[in-house]
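Student: Got a minute to go through this one with me? I'd like to start with the strands and then wander a bit.

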Amino acid sequence: MKKLKRVSVCGCGWLGLPLAKSLKQSGYETFGSKQTQEGAEVLEHQGIKGVVVRLPLPHEVHSPTLNAFLAADVMVLNVPPGRGTASAEEYSAKIISLSEAAKAAGCHKLIFISTTSVYGDAEGEITESTVPAPATESGRAHVDLEQQLRQSWGDDLVVLRLAGLIGPQRHPVKFLAGRQGIANGGAPVNLVHLDDVISAITAILERWPVMTTLHLSSPQHPSRAVYYREMARLAGLALPEFQPGGEQGKWINASATVEALGLNWRYEDLMTLAPEL
């Protein structure tokens, strides 16, 4: 397979921006998208080729810059539904419009950032071969998109389902600190650090995997009560109090993904990683 040289990151927010920066530093010609011209100019100042992308894309007439963005060797499609999305159908239409435009422009491969919420309320060990059973509108939208994109891209699509994201200025303990009577204290935690996600996406770019439906979660799954009380202590926050229950919740086993990508965990032991608030 030829070396993938031009990468477009659609959605340069909390995950996409550090990903684009890392890819630029690794020598990729890196495009990134924002919804405003001001945002695109901020990307330019950081050495990333900034492009304004508002979804859904029109069917006709794209600017030369947008066409270059769409015609990447690989596009990382990292656009979560967002609070302003009225429905799953609207979200799906936005993503499919981008996929179709990229395909028409000559993009070779696509990485779709999905979510482990596609597994819904499943219990016990979850592997990459577990059949999705979404229980939320967002989960159902992601399953539907995964299927539509697979029909269009075949093995030129990698679906990467991410567990809960943690990293700089992002940690759930902020919203749990000091609360009382939180349900399902015994349920397993499924989280993954930003830096490990970036490592996984970079590994996909460096060697396109044979297994093209992947998921990522740290290998440690302490209970919610144990984990969030310790995180609150490390952060100097009021300890949350949990109700028992939830012990049979799902835990994401990503060992097959780790092996397929040759990953080495940077943040394997979540219990010793203080929240970056």
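Student: Okay, which strand does β5 pair with over 6 bridges?

Tutor: That's β7, residues 157–162, and the two strands run parallel. Keep in mind that this is a predicted model. For one point along the pairing, look at Ile 111 in β5, which sits opposite Val 158 in β7.

Student: And which strand pairs with β5 over 4 bridges?

Tutor: β4 does, again in the parallel sense, and β5 itself covers residues 109–115. There, Val 74 stands opposite Lys 109 of β5.

Student: How many residues of β5 are buried?

Tutor: 7 of its 7, so to speak the strand is mostly covered. One side carries Lys 109, Ile 111, Ile 113 and Thr 115, the other Leu 110, Phe 112 and Ser 114, and both faces are covered.

Student: Back to β4. Which way do its side chains point?

Tutor: Val 74 and Val 76 point one way from β4, while Met 75 and Leu 77 point the other way. Those residues are all buried.

Student: What about β4 and β1, how many bridges there?

Tutor: 4 bridges, parallel, with β1 made up of residues 6–10. Cys 10 has Leu 77 of β4 as its bridge partner.

Student: Where does Asn 78 sit?

Tutor: In the loop between β4 and α4.

Student: Buried or exposed?

Tutor: Buried: its relative accessible area is 12%, and the cut-off for buried is under 20%.

Student: Which residues does Asn 78 touch, leaving out those up to four places away in sequence?

Tutor: Cys 10, Gly 11, Leu 15, Gly 16 and Ile 113. You've met two of those already: Cys 10 is the bridge partner of Leu 77, and Ile 113 belongs to one of the covered faces of β5.

Student: And the other end of α4, where's His 108?

Tutor: His 108 is in the loop between α4 and β5. With a relative accessible area of 39%, His 108 counts as partly exposed. If you want a sense of distance, the C-alpha atoms of His 108 and Pro 275 are 38 Å apart, and the two residues are 167 residues apart along the chain.

Student: Switching to pockets. How much space is in the largest pocket?

Tutor: About 1400 Å³. Its lining has 49 residues, and Pro 80, Pro 81, Thr 115, Leu 165 and Arg 170 lie nearest the centre.

Student: Which element gives the most to that lining?

Tutor: β5, with 3 residues. Elements that each supply at least two residues include β2 (29–34), α4 (88–105), α5 (137–153), β8 (164–166) and α8 (224–235).

Student: What's the chemistry of the lining, nonpolar, polar and charged?

Tutor: 22 nonpolar, 20 polar and 7 charged.

Student: Any odd backbone spots? Where's the cis peptide bond?

Tutor: Between Leu 55 and Pro 56, with omega about 0°. Pro 56 is in the loop between β3 (49–52) and α3 (64–70).

Student: Why do you bother to point out things like cis bonds and positive phi?

Tutor: Because most peptide bonds are trans, and most residues other than glycine have a negative phi.

Student: Which residue in the loop between β8 and α6 should I look at, then?

Tutor: Gln 169. Its phi is near 60°, a positive value in a residue that isn't glycine. Gln 169 counts as exposed, at 56% relative accessibility.

Student: And what's the phi of Asn 184?

Tutor: Positive too, about 60°, and Asn 184 isn't a glycine. You'll find Asn 184 in the loop between α6 and β9 (191–193). Asn 184 is partly exposed, at 39% relative accessible area.

Student: Zooming out, how many helices and strands are there?

Tutor: 9 helices and 11 strands. The radius of gyration is 19 Å, close to the 19 Å that the globule rule gives for 277 residues, so the protein is as compact as a globular protein of that length. The C-alpha atoms fill a box of roughly 55 × 40 × 40 Å along the principal axes.

Student: What share of the residues counts as buried?

Tutor: 48% of the 277. As for contacts, take those between residues at least 6 apart in sequence: 78% of them join residues at least 24 apart.

Definitions and conventions: Residues numbered from 1 in each chain as written. Predicted model: local features only at pLDDT ≥ 70, side-chain atom pairs only at ≥ 80, totals over all residues. Heavy atoms only, no water. Buried < 20%, exposed > 50% of the residue type's maximum accessible area, 1.4 Å probe, protein only. Pairing = 2+ DSSP bridges. 1 Å grid on protein atoms, 1.4 Å probe; cavity = no way out; pocket = protein on both sides within 12 Å on 5 of 7 lines; lining within 4 Å. Points joined across faces, edges and corners; volume = space filled by probe spheres on them. Nonpolar A, V, L, I, M, F, W, Y, C, P; charged D, E, K, R; others polar. Rg over C-alpha atoms; globule rule 2.2 N^0.38 Å. Contact = heavy atoms within 4.5 Å.
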